[in-house]
Amino acid sequence: MIVLSGTIGAGKSSLATILSKHLGTEAFYEQVDDNPVLPLFYADPKKYAFLLQIYFLNKRFESIKQAMSDDNNVLDRSIYEDSLFFHMNADMGRATPQEVKVYDELLDNMMQELPYAAAKKAPDLLVHIDISYDTMIKRIEKRGRDYEQPEQDPSLVEYYHELLGRYDGWYDNYDYSPKMKIDGDKFDFVENPDDLKKVLAQIDNELVSRGVVEK
Ligand SMILES: Nc1ncnc2c1ncn2[C@@H]1O[C@H](COP(=O)(O)OP(=O)(O)O)[C@@H](O)[C@H]1O
Ligand SMILES: Nc1nc2c(ncn2[C@H]2C[C@H](O)[C@@H](COP(=O)(O)O)O2)c(=O)[nH]1
């Protein structure tokens with residue numbers, strides 16, 4: 001299983017589609033447009049942060065189990081990033097210490113239940129897409145989900161800065177699996193075919209050198 005990571009609008013879903021096609025495998029996507037809790041969360045984060053987190057945890061767990069059913073399937077966000085989101089929201093006063101404790105213990109318990117073979121308790125590779133704040137905002141605007149637009153809710157400017165800032169430390173400390181970073185500002189793998197080629201070559205190299213796929 002190959003897992004993508006990155007902030008909102010980094011290009012995870014786009015790359016998941018491209019990469020799974022390239023590898024001849026399946027992509028598994030985070031539930032967003034048909035997520036009934038997400039708009040509620042953006043409208044009232046304090047009321048819905050915990051419910052949203054449980055919702056994501058449940059869906060993510062389901063996707064991981066499905067993605068694991070075959071080699072080299074691609075997941076468009078890691079379960080570990082959900083925890084990053086939740087702890088950030090809790091630090092912003094949107095969840096209580098008790099809710100955080102319940103979430104952390106539940107996550108831990110669920111991870112232990114994953115039916116991985118003993119040697120395969122983690123993804124084969126994490127591919128992190130790194131983007132700047134400006135790129136993040138441009139992409140969020142391009143995609144156009146109402147509730148994510150800072151124009152509609154100026155408090156999102158601080159939320160997005162904080163999120164992006166936390167991602168750096170998160171990636172540096174991530175040690176559940178081999179990892180690699182793609183410069184999502186420099187390589188436009190959606191609109192530039194040359195960039196796409198370079199990005200896929202970087203990922204292929206990692207997968208081959210780690211013995212995940214054959215040359
Ligand atoms: N490298 C890129 N160049 C141009 N547009 C991009 C790029 N990556 C993503 N996008 C666009 O930005 C928006 C967010 O991308 P998406 O793949 O949904 O990101 P994520 O899944 O990380 O939130 C979409 O409209 C997508 O078409
Ligand atoms: N509070 C949380 N929000 C989350 C979490 N996972 C995703 N999200 C939000 C962020 C975006 O608005 C949307 C989809 O994210 P993309 O990066 O795929 O665009 O869902 C979470 O765990 N907690």
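This tour moves from the whole chain of a predicted model to the interior of its nonpolar core.

**The whole chain.** Begin by displaying the C-alpha trace of the protein chain, which spans about 50 × 40 × 30 Å along its principal axes. The radius of gyration is 17 Å, in agreement with the value near 17 Å that a compact globule of 215 residues would have.

**Secondary structure.** Next, switch to a cartoon representation, in which eight helices and five strands should be traced. Followed from the N terminus, the elements run β-α-β-α-α-β-α-α-β-α-α-β-α. With contacts drawn between residues at least 6 apart in sequence, 72% join residues at least 24 apart.

**The surface.** Now turn on the accessible surface: the protein chain exposes about 11,000 Å², of which carbon and sulfur atoms supply 49%. Select the charged side chains, 25 positive and 39 negative; the centres of these two sets lie 2 Å apart.

**The core.** Hide the surface and colour by burial; 48% of the 215 residues count as buried. The largest nonpolar core holds 67 residues, and Leu-15, Val-127, Tyr-160 and Ile-203 have the most contacts inside it. Select residues 45–67 as well: this is helix 3, which contributes nine residues, the largest share of this core.

**A final stop at Val-127.** Which residues does Val-127 touch, leaving aside those up to four places away in sequence? Ile-2, Val-3, Leu-4 and Ser-5 are among its contacts. Val-127 also touches Leu-15, Met-180, Ile-182 and Ile-203. Of these, Leu-15 and Ile-203 are, like Val-127, listed among the residues with the most contacts inside the core.

Note on methods
Residues numbered from 1 in each chain as written. Chains lettered and ligands numbered in written order. Predicted model: local features only at pLDDT ≥ 70, side-chain atom pairs only at ≥ 80, totals over all residues. Heavy atoms only, no water. Core = buried A, V, L, I, M, F, W, Y, C linked by side-chain atoms within 4.5 Å. Buried < 20%, exposed > 50% of the residue type's maximum accessible area, 1.4 Å probe, protein only. Helix = DSSP H or I, 4+ residues; strand = E, 2+ residues; numbered from the N terminus. Contact = heavy atoms within 4.5 Å. Rg over C-alpha atoms; globule rule 2.2 N^0.38 Å. Areas by Shrake-Rupley, 256 points an atom, 1.4 Å probe, with all protein chains shown as cover. Lys, Arg positive; Asp, Glu negative; His and termini not counted. Charge placed at Lys NZ, Arg CZ, Asp CG, Glu CD.
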